Amino acid sequence: MTDREPHRTGPRPPHDGPGRRAAVIVVLTLALLCGAVAAGYLWSFGARADRIRAAHQHQVVATTTGPAREQAALARSGTETRALAPAVWEYPDGVRRSGTVEVPARTPQGRTVTVSVNESGSPVRPTDGTSGRLLTSVAGGTATAAAVAATGSGVLALLRRRTDGRTLAALEREWEQIEPVWSGRLRRGNGPDGGPGTDDV
């Protein structure tokens, strides 16, 4: 800075300071907390639902009356591949029932399998168990954390744009005031009020 350049004490140009880094950390922390809360809620909700379903389910031994239909195979994450096969079973005692049940893939005719039925004896899907609840909880918690982080980042971006706009406008106003003095235009020409410049005094 030369002797003719005034010292600028006005607003500084926008920059990424500690305040903005702290805001990002707060948003990420909030996203992780929300994700953890959502995962915990999904785990508790799934466990309660499994207990209610298990209370109304019964394990019975069924005998397949035909081979598993491979074209109807059901892929299940973390467990063996399942398929559908016709079978017969008895539930309640002495009541013979028949229907289509889930069995391991490639199960032949005449094989005995354990299936879950409800209180009326109809086949139902067994509970997902711990692995299923864990997968659901992790997926739900991750999705919640990502949503909160994205929303928080958007809010920070809007606030930053608004703040930077105000700062730049203030800089432009300050520059309009100091530029004639800094560049020497007031010394070479007229003053800001139409009077003689500083060089004419």
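**Architecture, core and inter-element contacts of the predicted model**

Val138 has a relative accessible area of 47% and is therefore classed as partly exposed. This residue is found in helix H2. Together with Trp43 and Leu134, Val138 makes a nonpolar surface patch of about 270 Å². The structure described here is a predicted model, and the values reported below were computed from it.

The protein chain contains three helices and five strands. Read from the N terminus, the order of these elements is α-β-β-β-β-β-α-α. Of the 201 residues in the protein chain, 24% count as buried. The accessible surface of the protein chain amounts to about 13600 Å², and carbon and sulfur atoms account for 59% of this area. When contacts between residues at least 6 apart in sequence are considered, 59% of them join residues at least 24 apart.

The largest nonpolar core comprises 13 residues, and the members that touch the most other members are Val60, Ala62, Trp89, Val101, Val103, Val115 and Val117. Strands E1, E3, E4 and E5 (112-117) each supply at least two residues of this core. The greatest contribution comes from E3, which gives four residues. The surroundings of one of these core residues, Val101, were examined individually. With neighbours within four places in sequence set aside, Val101 is in contact with Ala83, Leu84, Ala85, Ala87, Trp89, Val115 and Pro123.

Thr64 is located in strand E1. Its relative accessibility is 2%, so Thr64 counts as buried. A polar atom of the Thr64 side chain lies 2.9 Å from the backbone oxygen of Pro108. Pro108 is also among the residues that Thr64 touches when those up to four places away in sequence are not counted; the full set is Ala85, Pro86, Ala87, Val103, Thr107, Pro108, Gln109, Gly110, Arg111 and Val113. Ala85 and Ala87, named above as contacts of Val101, thus appear in the contact set of Thr64 as well.

Gln57 occupies the loop between helix H1 (18-55) and strand E1 (58-64). Despite this loop position, Gln57 counts as buried because its relative accessibility is 15%, below the 20% limit that defines the buried class. The side chain of Gln57 places a polar atom 3.2 Å from the backbone oxygen of Arg125. Beyond residues up to four places away in sequence, Gln57 touches Ser116, Val117, Val124, Arg125, Pro126 and Thr127. Val117, one of these contacts, is also listed among the core residues that touch the most other members.

Two salt bridges are present in the structure. In one of them, the side chains of Asp50 and Arg133 meet with an N to O distance of 2.9 Å. Asp50 belongs to helix H1 and Arg133 to helix H2 (residues 129-183), so this pair ties together parts of the chain that are 83 residues apart in sequence. Asp50 and Arg133 are both buried. The other pairing joins Arg82 and Glu102, whose closest N and O atoms are 3.9 Å apart. Here the linked parts of the chain are distant too: Arg82 is in strand E3 (residues 82-90) and Glu102 in strand E4 (residues 96-104), with their positions 20 residues apart in sequence. Arg82 has a relative accessibility of 15% and therefore counts as buried.

Further pairings of sequence-distant positions were examined through C-alpha separations. Thr81 is found in the loop between strand E2 (69-74) and E3. With a relative accessibility of 40%, Thr81 counts as partly exposed. The C-alpha atoms of Thr81 and Ala105 are separated by 5.8 Å, although the two residues are 24 residues apart along the chain. Leu32, by contrast, has its place in helix H1. Leu32 counts as exposed because its relative accessibility is 61%. The C-alpha atoms of Leu32 and Gly141 are 8.5 Å apart in space, while 109 residues separate the two in sequence.

Note on methods: Residues numbered from 1 in each chain as written. Predicted model: local features only at pLDDT ≥ 70, side-chain atom pairs only at ≥ 80, totals over all residues. Heavy atoms only, no water. Buried < 20%, exposed > 50% of the residue type's maximum accessible area, 1.4 Å probe, protein only. Polar contact = N/O pair within 3.5 Å; in protein donor to acceptor, adjacent residues only side chain to side chain. Contact = heavy atoms within 4.5 Å. Salt bridge = Lys/Arg side-chain N within 4 Å of Asp/Glu carboxyl O. Areas by Shrake-Rupley, 256 points an atom, 1.4 Å probe, with all protein chains shown as cover. Patch = residues over 30% accessible without salt bridge, like charges linked within 9 Å, V, L, I, M, F, W, Y side chains within 5 Å. Core = buried A, V, L, I, M, F, W, Y, C linked by side-chain atoms within 4.5 Å.
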